[in-house]
Amino acid sequence: MNKIFTTRKLSYFIAALFLVISYSCQPDDENLPEATFPDIAEVFIDTFSAGLQYAAFGTSKVTAFDVDTDITFEGTAAMRFDIPNTSDPEGGFAGGVFTTGVGRNLTDYNVLTFYARASKGETINQIGFGLTFEGEVFRTQVNGIQVGTAWQKYFIPIPNSARLTQERGMLWIAEAADDGSSYQLWIDEVKFENLNTIIQESAEILNGVDQVTGASAGNTITIDGTSATYNLPSGILQSLTTTAAYFDYTSSNESVATVNEFGVVSVLSDDGSSVISATLNGLDANGSITLMDVDASGNVDDSENTEIMLPLGFESATLGYNPVEFGGAPSAVSGNPQVGGLNNSGNVLRTQKVTGSETFAGIIMDLDVSVDFSESEQVSALVFAPAAGTTVLLGFEDGAIGQASQVAATATTTVANEWQELTFDYTGTTNTATDYNRLVLIYNNGTAGDDSVYFIDDIQLTDGDGGGGGGNEGDNLLENGDFEQGMVTWFGNAFNVQEDGGNSFNLSDNEVSGNPFDVNLSHPVALEAGITYTLSFDASTSMEDGSRTIIAGIGLNEGDFASATEIVTVTSETQTYTLTLTPPAGSTNSRVLFDLGSDGGVLVLDNVVLTTEETMNEETELLTNGDFEQGMITWFGNAFNVQEDGGNSFNLSDNEVSGNPFDVNLSHPVTLEAGVTYTLSFDASTSMEDGSRTIIAGIGLNEGDFAAATEVVTITSETQTYTLTLTPPSGSTNSRALFDLGADGGVLVLDNVSLVQN
Amino acid sequence: MKIKNVILKGIAYSLICMAVLSCNEDEGSTIGLTNLNLVFEDDFDGEAGASINTEFWNFDIGTGNNGWGNQELQYYTDRPENVSLDGEGNMVITARRENFQGAAFTSARINTRDKVEQQYGRFEARIQMPGGRGVWPAFWMLGSNIETEPDDDPATIAWPFVGEIDITEMRGQEPFRTIGSIHGPGYSGGGAISGELDLIDERFDAEFHEFAIEWSPDFIDYFIDGVRFNRINKSDIPNGTDWVFDDQPFFMLLNVAVGGTFVGFPVDATPLPQQMIVDYVRIYEIGN
C-alpha cells in the first residue's frame with residue numbers, strides 16, 4: 001500500500017502545489033468593495049475552498065499532506081496526512097497551516113467542524129484554527145483529540161466569533177504518532193458552522209487563579225492561561241486553548257490600570273487598587289488579577305477594595321468586615337489608638353478579651369478572597385498590645401472545614417502600647433489545595449481575659465523568601481541538608497534516609513535512652529566561634545506519638561564537644577523550626593547535631609539548613625520560583641506542569657518529539673546582561689522506561705531574535721544535578737532561563753533550577 | 001426505562017416498529033383530547049432548598065437491586081443536594097459525581113405511588129433535562145400494584161406485567177432526542193414499543209420543553225410542546241401479547257440515573273453535576 005501511495009502522493013502533492021499557486025495568482029475581484037471580507041464557511045469539502053493554501057511546518061515532514069480520492073467521508077476527496085515515523089529523517093511529525101490570502105469574516109459561525117478517521121487509533125496532538133505564519137492573534141487549539149478507525153465528527157468552537165472579522169487561519173494541525181510508527185489520518189468536510197448545540201460551560205484566564213499583586217506604575221502584566229470548556233453535542237466536555245485576545249477585559253479602576261484587547265495590563269498608578277477580570281461571550285471567566293495599593297506611608301489602604309482580602313487594612317467604609325467573637329472577645333473596626341510611627345492609617349481592628357473569658361477567646365473573620373500562600377508563607381501584621389510578651393495567634397482556615405484545615409502561627413510582642421510589626425510564619429504548613437478564606441485571631445491564648453484591649457492592622461503576606469528551607473542551595477553550609485543525596489555525609493545511629501515521591505528525608509523511631517546523645521544524627525560542618533548561625537529544619541513526629549522533644553544545635557565534633565543547642569518540641573504537623581545559635585567554640589571538625597535520646601518516638605527530619613550572615617548574600621539567586629515550591633506561577637511554556645509529592649514540588653512533563661525543539665518548552669523569566677557569565681544548575685531525571693533523553697537548557701532573550709546560550713544535556717533515569725556555565729550573547733530585562741524539550745521525547749522531572757551570576 | 005435487567009433484544013424489531021409508527025396519521029398535529037379536566041398539579045412553589053411536598057411524592061433511596069435493575073451507578077438520596085425546590089417555582093433533581101455510601105454518583109428518584117395515581121388522561125411536565133454522556137433522565141409511570149419485592153401476594157404484579165409508560169427518557173449523549181416507550185409482557189426492555197423525536201439544532205438540556213402523553217382506552221399519544229409526534233395503538237404491540245394499560249391506575253416517577261445498560265457509563269468528560277429542572281407536573285382526567 002505505502003509503496004503505491006508514494007508514487008501517487010507525489011502527483012497529488014504537485015497538484016496541491018499547483019492549486020496553491022493558481023489560487024494565489026487569482027486577481028482580486030475588482031467589483032468587491034475593499035473592506036468586505038467573504039464569509040465563506042467551507043474550508044475543505046472535496047477540494048481546497050476558494051483562496052485556501054497549505055504550508056507545512058518547516059521542521060515537519062513536508063510531504064505528509066495529500067488529497068485522497070479513495071477514502072473520503074463524503075464526496076470525491078478528503079485530506080490525508082501520512083503521519084511519519086517519529087524517527088523519520090525528513091521530519092518526525094506532520095503538520096502545517098491552511099490559510100487564505102484574504103481574511104474571511106467568520107462572525108456568523110460558532111464552530112469549526114470536520115470528520116476524521118485514522119488507520120489506527122490515535123491521539124492528535126494539536127489541531128485548531130487561527131494560526132498563520134504571519135500571526136496567531138486568534139489561535140485556538142484542542143489538544144489530544146482521540147481519533148479512531150471510523151469516521152467521527154469533531155468540533156472546535158470559536159471562543160468569540162465577533163473577533164473573527166478577517167481571519168486567515170482556517171485550520172492547523174501538528175501531529176506525531178503516539179507510538180512512533182507511521183499511520184494515516186484523514187480529515188474531510190472541514191467547514192465553519194453555526195450550531196445551537198454547542199454550549200459554553202466555562203472560561204478561564206490565568207488558569208482560573210485569582211492573583212493578587214502589588215501595583216507598580218509602569219509595569220505590564222500579560223494575561224495568559226486562557227482557555228474555555230464546551231459541552232459538545234455528544235454531551236461531553238472539551239477544553240479549548242485560546243489566545244487572550246478572544247476575551248473582553250475590564251479594569252475596575254482605570255486610573256490604576258488598563259487592559260488592552262490582547263490582555264496586556266498596564267499599571268498606571270500606585271495610588272489605589274483595581275481588579276482585572278474578563279468575560280468570554282458574556283460569561284464571567286474564572287481568574288483575575290487584583291492590583292493592591294500599599295499607600296505612601298507604608299500602611300495598607302484597602303479603602304477601594306470590593307472584597308475582603310489580604311492585605312487587610314480595615315480602611316473601607318463599604319466592606320462589611322465581620323469579626324465574630326468566640327469565648328468572650330468582642331471585636332470591631334475602630335480608630336487607630338496611636339496614629340504615627342509604624343501606623344498612620346485611620347482604622348484598625350480592636351479586640352477586648354473580657355474578664356472571665358474563655359482562655360481561648362478570640363475572633364474569626366471571613367475573607368472574600370482566600371489567602372494565596374503560593375508566593376509567600378509568611379504574614380506580617382501590626383499589633384498594638386498593652387503589655388510586652390503578649391502572644392498573638394494568627395491562623396487561617398477554610399471556613400467550610402474549620403479547624404482541621406487551619407494553619408496557625410504565634411508571635412509575641414516585645415513592647416507595650418506601641419505599634420509593632422510581627423511576623424507569622426506558616427512555612428511548610430500551608431496546603432495549596434485549601435481555601436484559606438477565614439482568619440482566626442487569639443490574643444494570649446491559654447490565659448483568661450482581663451479586659452485588656454488589643455489592636456491589629458495591616459495584615460498582609462510578606463514578600464516571602466520562597467519558604468521551605470533548603471531552597472537556596474548557595475546559602476546552606478550543609479552539603480546534604482535536604483538528604484536528597486541519600487545516605488552520605490550525615491552520621492549517627494539515627495541516620496535512616498527514606499525516599500517518597502522523589503523527596504528524601506530522615507526517618508527515625510527511638511526509645512528513651514540514658515543519655516540524650518545515645519540516639520543522634522550529625523552533619524559535619526566547619527564552625528567559627530562567636531559567629532551567629534541560623535539553623536532551620538522541617539520536622540514532625542507521628543500522629544500516634546502526637547509530640548516529642550529533640551535537642552537540636554551546632555557544636556564541636558571533637559574535644560569537649562562544646563555546643564549551642566535548644567530543646568525543640570516537634571508535633572505531628574510538619575513545621576519549620578528556626579534556631580539562632582552562637583557556638584562557644586569553633587573548629588573545622590564541627591557539626592550540626594540532633595540528639596534524640598531524651599524523648600521517644602518517630603522523628604521525620606528534612607531540609608536542614610545552616611546559614612550565617614556572611615553566607616547569605618554570596619550568590620544571589622536570580623530565579624524566584626526555581627524550585628517550583630510556589631506552584632504554578634512565574635514559569636511559562638507548554639511543558640509547565642507542577643506536581644507536588646511529599647511536600648516537594650517539581651515540574652513533570654512528558655512530551656513527544658516535535659518539529660522544533662522549542663515546540664515543547666518551559667521558561668522562567670529573568671533579567672540577563674550580555675557578556676556576563678552565569679551558572680545555571682538544575683536537578684533532572686527521566687523515567688525508567690525512557691531510560692535517557694536529551695533536553696536543551698540555557699538562558700536567552702524572551703523577545704526579538706530569542707538569542708540564547710544553550711547546551712544539550714542528556715538526562716538519565718537517575719536524578720542528577722546539572723551545572724552549566726553560560727554567557728548569553730544579548731541581554732534584556734525580558735529574558736529567561738529556558739528548557740526546550742521537543743528535540744527528544746519522554747518524561748522530564750525538573751527541580752531546583754538555580755541561576756546565579758558568576 | 002425498565003426496572004428489571006432484561007437482555008437487549010429485538011433491535012431490528014423496534015426499528016420495524018419505528019417504521020410503522022412513522023406512518024401514523026396526524027403526526028405533527030396539535031390535536032389531542034379536548035375534554036380534559038385538571039385534577040392534579042404541582043408547581044413546585046416554595047423556598048429555595050425546601051423539600052418537595054411529601055403529600056404527593058415519595059423518595060426512592062439507595063441503589064435498588066443491581067442498580068435498580070439496570071446496573072445504574074448512582075445512589076439515590078433525599079438530601080437537598082440531590083432533590084429540592086429552587087425557590088423560583090421549580091423542583092431540581094441534581095446528579096453529582098461524589099463518593100457516597102460506596103457509590104460514585106448521587107442523584108434522586110421520586111414517585112407518587114399510593115399518593116397520586118390515575119388511569120387514563122393527560123400526564124404532562126415541563127422540564128429542562130440534564131445531559132452528558134452516561135446521564136439518563138426520565139419522566140415515567142408504572143402500574144400502581146407493582147410488586148417491588150418478590151412476594152406471593154396476588155394483588156401485586158411483577159414488572160413488566162404491571163405495565164410501564166415512559167413519557168420521556170433520554171440518553172445524555174444524545175441530548176437532542178427524547179424517547180417515549182411502553183413496556184409490557186412480551187414488549188419490554190430492548191423490545192419496548194418506542195417513538196423518538198429529534199430536535200433540529202437544539203438540545204433538551206439547554207432549555208425547557210413540555211413532555212406529555214394522552215392515555216385513552218384506545219391509544220397513547222406522545223406530545224412535545226403540544227405537538228403530537230407519536231401514537232401507540234393497541235394494534236402496535238406484538239401479536240399474542242397483552243395490552244396492560246386498561247387494568248389499573250398508574251403513578252408517576254421522575255429521576256436522573258447515572259450509567260446503566262440503557263445509556264452506557266459516564267466518562268471523565270461528562271459534565272457533572274447535571275440538573276433536571278421541573279417547572280410543573282400536571283394530570284388531567286378525561287371528562288364525559
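How many salt bridges are counted between chain B and chain A? The count is zero, a salt bridge being a side-chain nitrogen of Lys or Arg within 4 Å of a carboxyl oxygen of Asp or Glu.

1. Basis. This is a predicted model, in which local features need pLDDT of at least 70 and side-chain atom pairs count only at pLDDT 80 or more, while totals for chains, interfaces and linings use all residues. Residues are numbered from 1 along each chain as its sequence is written, chains are lettered from A and ligands numbered from 1 in the order in which they are written, and side-chain values use heavy atoms, with hydrogens and water left out.

2. Interface. Chain B contributes 14 residues and chain A 13 residues to the contact (heavy atoms within 4.5 Å). The area buried between the two chains is about 980 Å², with 49% given by carbon and sulfur atoms; buried area is the accessible area (1.4 Å probe) lost when two parts are put together, summed over both. D201(B), R203(B) and P271(B) supply 54% of the area that chain B buries against chain A, more than any other three residues.

3. Polar contacts. Seven residue pairs are in polar contact across the interface of chain B and chain A, both residues at pLDDT 80 or more. A polar contact is a pair of N or O atoms within 3.5 Å; within protein, one must be able to donate a hydrogen and the other to accept it, and residues adjacent in sequence count only if both atoms are side-chain atoms.

4. Fold of chain A. Chain A has two helices and 50 strands (DSSP runs: helices H or I, at least four residues; strands E, at least two; numbered from the N terminus). Of its 758 residues, 51% count as buried (under 20% relative accessible area, 1.4 Å probe, protein chains only; exposed is over 50%, partly exposed in between). Among contacts in chain A between residues at least 6 apart in sequence, 74% join residues at least 24 apart.

5. Aromatic pairs. Over all chains there are 47 aromatic pairs (rings of Phe, Tyr and Trp, the last by its six-membered ring, with centres within 6.5 Å; planes under 30 degrees apart are stacked, over 60 edge-to-face, the rest tilted). One of them is the edge-to-face pair of F384(A) and F455(A), at 5.8 Å centre to centre and 75° between the planes. This pair links strand β27 (residues 378–384) to strand β32 (residues 452–461) of chain A, the two residues being 71 apart. F384(A) counts as buried because its relative accessibility is 9%.
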